[in-house]
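Reader: I would like to understand how the words used for a protein model are justified. Could we go through them one at a time, with the reasoning spelled out?

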Amino acid sequence: KRKLRKCPPLGLESLRVDDNQLRASSVQRPGLGAHRGRLNIQSGIEEGDLYDGAWCAQHQDRQQWLEMDAVEMTLFTAVILQGRSSVWSWDWVETYKVQLSNDSIHWVPCMNGSQEMVFEGNRDQYTPVLGALATPTVARYLRINPQTWYINGTVCLRAEILGCRVPGQRHEADSGSKDGLDFRHHNYMEMRKLMREVSQQCPDITRIYTIGKSYNGLKLYVMEISDNPGKHELGEPEFRYIANMHGNEVLGRELLLNLMQYMCREYKRGNQRIVRLVTETRIHLLPSMNPDGYETAYEKGSELSGWALGRYSVEGIDLNHNFPDLNNILWDAQEVAAWGKTKVPNHYVPIPEYYTKEEAMVAPETRAVISWMQDIPFVLSASLHGGELVVVYPHDCTKDWAPKEYTASPDDSFFRWLATVYASTNLAMLNPDRRMCHVDDFQRTRNIVNGGAWHTVPGSMGDFSYFHTNCFEVTVELSCDKYPHVSELPQEWENNKESLLIYMEQVHRGIKGVVRDKMTRRGLADAIIKVEDHDHDIRTAADGDYWRLLNPGEYRVVAWAEGYLPAARSCRVGMEARATPCDFHLVKTPLQRLKDIRAKGGKVPQDLQLRLRALRFRKRRRRGEGGGRREE
């Protein structure tokens with residue numbers, strides 16, 4: 001039996017097929033036009049606008065069709081059909097025919113031997129169904145002609161068409177990459193093998209470690225890239241990328257595998273940009289936070305996994321809603337404190353007790369990442385997602401449970417800078433001719449959006465990272481297509497390569513330093529770094545070093561630690577991507593010095609005795625003055 005050639009999708013889902021290449025026999029309304037008949041396109045909650053979730057015909061008869069112009073002669077091999085994306089309507093096509101043409105005037109039906117072929121369509125709204133042509137056929141135009149549809153619905157469909165370009169045509173060569181990386185989809189075993197190969201090629205700058213296991217027991221592998229792997233170096237910031245949190249959003253996973261290959265190779269070649277990143281930054285790459293979900297989607301493949309298959313953990317948990325909601329805990333505490341005119345800590349918000357209990361609905365993948373965040377003093381991070389083309393910055397959760405509302409963090413201006421850095425260097429986002437993915441036109445906001453202004457996400461990883469640790473994190477939606485075809489991976493790498501590199505370099509913006517004991521020169525862990533007019537503090541790492549991300553400007557910075565007097569200084573941040581050194585040397589309080597001496601059984605020095613007496617005298621005098629005022 002002759003083996004048929006495997007052809008890729010022509011690009012209805014990925015938007016390589018333009019709107020003007022699609023037309024239809026009729027449409028119910030503009031928002032259900034031919035341009036909406038794309039596989040996995042999503043509708044908004046409010047239907048009836050210009051962005052509904054399918055092509056829907058105005059008439060319910062067998063003369064309706066959706067037509068695609070491939071522009072060039074193409075070997076058509078298959079059609080993939082899907083029902084309408086809708087919260088309110090159930091519509092799908094159950095059987096259909098296919099016609100082909102070279103001129104859009106004369107049409108030839110797709111045959112199965114001597115009979116016109118009738119393809120099996122859908123039985124629900126969401127599951128994609130593949131219909132292979134009995135004989136792959138060369139033509140320019142293809143029509144999908146519905147024959148029957150859901151009895152309580154209407155003629156509505158979303159589609160993808162598979163085909164190979166015929167050699168010798170005038171079409172432009174497919175764009176790709178010259179980097180020669182391993183551009184394919186890697187399942188769990190293949191991912192582990194590739195990571196091992198990279199580590200063997202660059203053993204001096206890489207280390208593979210695990211942070212835990214998935215529900216099904218798959219290890220969560222991390223690739224560390226550093227000139228001193230396995231060790232936190234004083235003054236060197238820690239950076240992380242996390243991908244594949246939703247198992248069917250696979251592009252980030254492949255990009256991180258590409259990134260580790262690229263950095264290893266370019267470091268060995270002496271690429272100074274990469275050498276500088278490796279020697280000055282400790283980089284951690286987690287390609288797959290949800291390997292169980294990925295394996296589920298991988299089994300179906302890029303075109304048949306649909307919009308949601310594999311998104312959730314095995315337990316049905318959305319990992320990006322599974323972190324402790326510290327936003328509302330802090331906001332509620334601040335509201336109560338405002339009544340009593342007291343203050344509450346604005347950082348390192350503790351995890352509530354109920355969340356730590358064994359019976360809490362917390363995925364093992366989430367627990368593993370939280371523990372990882374607590375173990376390493378990360379400074380900057382990005383979480384790589386898919387299904388849109390935009391960079392999302394905190395806060396993700398809105399106040400008072402509003403469905404959508406701009407919810408700024410105290411570091412809103414710096415977060416907007418971070419989002420802009422990635423978006424303004426991403427080739428796909430920069431394309432002025434690209435159309436919106438689904439219902440949101442993010443080009444109007446320069447391809448960045450505040451999370452709360454888009455839609456509220458309580459329990460997001462980014463908000464948790466900001467409130468519970470020192471680490472700033474944005475979410476990058478990499479592509480309209482959650483699961484791009486393997487043929488699109490080289491171009492997706494080119495779209496994101498510069499963005500991935502320049503975003504990592506932002507970890508060196510702002511100020512950095514070490515907080516030490518003035519007498520012993522020992523670094524002080526958990527010292528608080530407070531920047532005036534920024535209501536979000538950070539803390540020093542175990543060795544006393546810290547990094548505070550800031551935009552250019554002059555800042556008054558205060559350092560304080562338990563048992564020490566606070567110290568303040570002015571620190572200037574320049575325009576260059578180089579952190580300004582801003583060290584502190586703290587002096588113990590007289591009371592702490594006394595406690596230390598008594599603990600060692602030593603004698604209290606005379607100067608300390610005098611200082612303590614003066615402090616007691618001032619304290620008694622303040623009390624006396626306060627008593628006098630009360631008597632008045």
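Author: Let us begin with contact, which means heavy atoms within 4.5 Å. In this predicted model, what covers the buried residues of helix α11 includes β13 (238-243), α5 (326-340), α7, β15 (378-385), α8 (412-423) and β18 (472-479).

Reader: What makes helix α11 (residues 461-468) mostly covered?

Author: A residue is called buried when its relative accessible area is under 20%, and eight of the eight residues of α11 are buried. They are Met 461, Gly 462, Asp 463, Phe 464, Ser 465, Tyr 466, Phe 467 and His 468.

Reader: Which residues are buried in helix α4 (residues 291-300), and what covers them?

Author: In α4 the buried residues are Pro 291, Asp 292, Gly 293, Tyr 294 and Ala 297. Their cover includes α1 (188-201), β12 (219-225), α2 (251-269) and α7 (364-375). Just after α4 comes Gly 301, whose phi is positive, at about 95°.

Reader: Why does His 284 count as buried?

Author: Its relative accessibility is 0%, and the limit for buried is under 20%, so His 284 counts as buried. His 284 belongs to strand β14 (residues 282-286). Leaving aside neighbours within four places in sequence, His 284 has contacts that include Tyr 209, Val 222, Met 223, Tyr 241, Trp 372 and Phe 378.

Reader: Why is Pro 8 called partly exposed?

Author: Partly exposed is the range between under 20% and over 50%, and Pro 8 has a relative accessible area of 24%, so Pro 8 belongs in that range. Pro 8 is found in the segment before β1 (22-24).

Reader: Which residues does Pro 8 touch, and how many residues along the chain separate Pro 8 from His 485?

Author: Not counting residues up to four places away in sequence, Pro 8 touches Ile 161, Leu 162, Gly 163, Cys 164, His 485 and Ser 487. Pro 8 and His 485 are 477 residues apart along the chain, while their C-alpha atoms are separated by 7.1 Å.

Reader: Asp 526 and Asp 533 have positive phi values; are these residues buried, partly exposed or exposed?

Author: The relative accessible area of Asp 526 is 46%, which is not over 50%, and therefore Asp 526 is partly exposed. Asp 533 has 73% relative accessibility, which is over 50%, so Asp 533 counts as exposed. Asp 526, with a phi of about 60°, is in the loop between β19 (511-517) and β20 (528-531), and Asp 533, with a phi near 70°, is in the loop between β20 and β21 (538-539). Neither of these two residues is a glycine.

Reader: What makes a group of residues a nonpolar core, and which members of the largest one touch the most others?

Author: The members must be buried residues of certain kinds, Tyr, Val and Trp among them, joined through side-chain atoms within 4.5 Å. The largest nonpolar core has 92 residues, of which Tyr 241, Val 369 and Trp 372 touch the most other members. Helix α2 gives the most to this core, with nine residues. Apart from this core lies another one, of 30 residues, which includes Leu 12, Ala 24, Ala 70 and Ala 139. In soluble globular proteins, nonpolar side chains tend to be buried together.

Reader: How do you know that there are cavities, and how many are there of 30 Å³ or more?

Author: A cavity is a place where a 1.4 Å probe fits but cannot get out, and a search of the whole structure finds two of 30 Å³ or more. The largest holds about 60 Å³ of space, and the residues lining it include Glu 13, Arg 38, Asn 40 and Trp 307. By class, that lining divides into six nonpolar, two polar and two charged residues. The second largest has a volume of about 40 Å³, and its lining has two nonpolar, four polar and three charged residues.

Reader: How much confidence does the predictor give to the chain?

Author: On a scale from 0 to 100, the chain averages a pLDDT of 92, and 95% of the residues score at least 70. Over residues 628-632, however, the pLDDT is below 50, and this stretch has zero contacts in the model beyond near neighbours in sequence.

Technical notes. Residues are numbered from 1 along each chain as its sequence is written. This is a predicted model: local features need pLDDT of at least 70, side-chain atom pairs count only at pLDDT 80 or more; totals for chains, interfaces and linings use all residues. Side-chain values use heavy atoms; hydrogens and water are left out. On a 1 Å grid over the protein atoms alone, a cavity is a set of points where a 1.4 Å probe fits but cannot get out, and a pocket is an open set with protein on both sides within 12 Å along at least five of seven lines; lining residues have an atom within 4 Å of a point. Grid points are joined across faces, edges and corners, and a volume is the space filled by probe spheres set on the points. Ala, Val, Leu, Ile, Met, Phe, Trp, Tyr, Cys and Pro count as nonpolar, Asp, Glu, Lys and Arg as charged, and the others, Gly among them, as polar. Buried means under 20% relative accessible area, exposed over 50%, partly exposed in between (1.4 Å probe, protein chains only). Helices (H or I, at least four residues) and strands (E, at least two) are DSSP runs, numbered from the N terminus.
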